Amino acid sequence: MIEKKTTVASAIAAAAFVSASSALASEAITITHAGSQPAIIGAPGRFTGSVRVEDSFKATAPATVGGATVTFEPGARTAWHTHPLGQTLIVTSGVGVVQMWDGPQQEIRSSDTVWIPPGVKHWHGASPRNGMTHIAFSESLDGKSVDWLELVTDAQYSPRDAEGQL
């Protein structure tokens, strides 16, 4: 009798596995090929200077993480903004600057990873002499991943170069 119960239990487990595997197999992997999505120009109320945004990965429910690859020409930058659940930047090329409100400007370079905590008012962009590209990731809270604020003024921007010069 014990052997029969084990066999029945094994059969039920196997059927559940096959059923779950079939359900998973019906889900499709999505590939967005490089260059298949048109890049957009950074909106003037959200960016200063020449900025290109490739918004190639958006959250699909139940996921909440989305992001974009953003390329800043020298001197270009975001407006001040916050993220309800924070933001991660991975610098893929160039030299840039990141700054939180009332904090020092910090240089960021290719291969650096930057974490901006939830609700922290900040901006980021290229250095005056070098362009910068980063991949930006953030999660949505109640359908919103960013709160855009005022533009960063030229006086607020004026980062120092590698020699400490403005």
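In the predicted model, Arg77 has a relative accessibility of 3% and therefore counts as buried, the cut-off being under 20%. The residue belongs to strand E5, which comprises residues 77-78. Leaving aside residues up to four places away in sequence, Arg77 touches Arg46, Phe47, Thr48, Val51, Phe72, Trp123, His124, Gly125, Val152, Thr153, Asp154 and Tyr157. One of these neighbours, Asp154, is joined to Arg77 by a polar contact of 2.7 Å between the side chains.

The pairing of Arg77 with Asp154 also qualifies as a salt bridge, with 2.7 Å between the closest N and O atoms. Distant parts of the chain are thereby linked: Asp154 lies in helix H2 (residues 154-157) and Arg77 in strand E5, 77 residues apart. The two partners fall into opposite classes of accessibility, since Asp154 is exposed, with a relative accessible area of 59%, whereas Arg77 is buried at 3%. Side chains of opposite charge can pair when their charged atoms come close.

In total, five salt bridges were counted. Among them is the bridge between the side chains of Glu150 and Lys121, with an N to O distance of 2.8 Å. This pair likewise links distant parts of the chain, Glu150 being placed in the loop between strand E12 (147-148) and H2, and Lys121 in the loop between strand E9 (113-116) and strand E10 (122-126), 29 residues apart. Glu150 is partly exposed, with a relative accessible area of 36%, and Lys121 is partly exposed at 21%. A further salt bridge, with an N to O distance of 2.8 Å, connects the side chains of Glu107 and Arg109. Relative accessible areas of 43% for Glu107 and 39% for Arg109 place these residues in the partly exposed class.

The chain contains two helices and 12 strands, and its sequence order places one helix before the strands and the other after them. Strand E11 (residues 132-139) pairs with strand E4 (residues 65-72) in the antiparallel sense over eight bridges. Phe72, which is also touched by Arg77, has Met132 of E11 as its bridge partner. E11 pairs in the antiparallel sense with strand E7 (residues 87-100) as well, over seven bridges; here, Val91 has His134 of E11 as its bridge partner.

Across the chain, 30% of the 166 residues count as buried. Of the contacts between residues at least 6 apart in sequence, 71% join residues at least 24 apart. The chain exposes about 10,300 Å², of which 59% is supplied by carbon and sulfur atoms.

Note on methods
Residues are numbered from 1 along each chain as its sequence is written. This is a predicted model: local features need pLDDT of at least 70, side-chain atom pairs count only at pLDDT 80 or more; totals for chains, interfaces and linings use all residues. Side-chain values use heavy atoms; hydrogens and water are left out. Helices (H or I, at least four residues) and strands (E, at least two) are DSSP runs, numbered from the N terminus. Buried means under 20% relative accessible area, exposed over 50%, partly exposed in between (1.4 Å probe, protein chains only). Contact means heavy atoms within 4.5 Å. Accessible areas come from the Shrake-Rupley method with a 1.4 Å probe; for residues, only the protein chains shown count as cover. Two strands pair if DSSP finds at least two bridges between them. A polar contact is a pair of N or O atoms within 3.5 Å; within protein, one must be able to donate a hydrogen and the other to accept it, and residues adjacent in sequence count only if both atoms are side-chain atoms. A salt bridge is a side-chain nitrogen of Lys or Arg within 4 Å of a carboxyl oxygen of Asp or Glu.
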